[in-house]
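Colleague: Could you take me through one part of this model in detail? I'd like to hear about the sheet and what packs against it.

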Amino acid sequence: MRKVADCRDYPSESNCSLTISGEEEEVVRAGAEHAASVHGHTDTPELREQLRKMLKDEETV
């Protein structure tokens with residue numbers, strides 16, 4: 001099942017509206033890169049584990 005990470009679920013000063021969907025590993029990798037480049041986080045194993053826990057299943061239409 002595809003997973004989703006949506007920045008709108010975690011309000012930030014930048015009011016980011018990015019949504020990333022795909023296979024779990026793809027979303028975690030892209031989410032960590034986004035968190036580092038846009039939100040100033042450090043891409044660490046701990047950050048990736050936090051992202052993994054926040055993923056939601058993609059809703060099918």
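Modeller: Here is the sheet, followed by its helices and one salt bridge.

Bear in mind that this is a predicted model, where local features need pLDDT of at least 70, side-chain atom pairs count only at pLDDT 80 or more, and totals for chains, interfaces and linings use all residues. Residues are numbered from 1 along each chain as its sequence is written, and side-chain values use heavy atoms, with hydrogens and water left out.

The sheet is open, with three strands in the order E2-E1-E3 and antiparallel pairing. (Strands are DSSP runs of E with at least two residues, and helices are runs of H or I with at least four, numbered from the N terminus; two strands pair if DSSP finds at least two bridges between them.) E2 (19-22) and E3 (56-57) are the edge strands, each with a single partner, so one side of each has no neighbour in the sheet. E1, residues 3-6, pairs with E3 over two bridges, and Val4 sits opposite Lys56 in E3.

Helix H1 (residues 24-39) packs on this sheet and touches E1 and E2, contact meaning heavy atoms within 4.5 Å. H1 in turn meets helix H2 (residues 45-54). Among the residues involved are Val28 and Ala32 from H1, and Leu47 and Leu51 from H2. Sorted by type, that contact has five nonpolar, one polar and five charged residues. (Ala, Val, Leu, Ile, Met, Phe, Trp, Tyr, Cys and Pro count as nonpolar, Asp, Glu, Lys and Arg as charged, and the others, Gly among them, as polar.)

Back by the sheet, Arg2 forms a salt bridge with Glu58, the closest N and O atoms being 2.8 Å apart. (That takes a side-chain nitrogen of Lys or Arg within 4 Å of a carboxyl oxygen of Asp or Glu.) Arg2 lies before E1 and Glu58 after E3, so the pair ties together parts 56 residues apart in sequence.

Definitions and conventions:
Axes fitted to C-alpha atoms, helices over the stretch in contact; angles between N-to-C directions.
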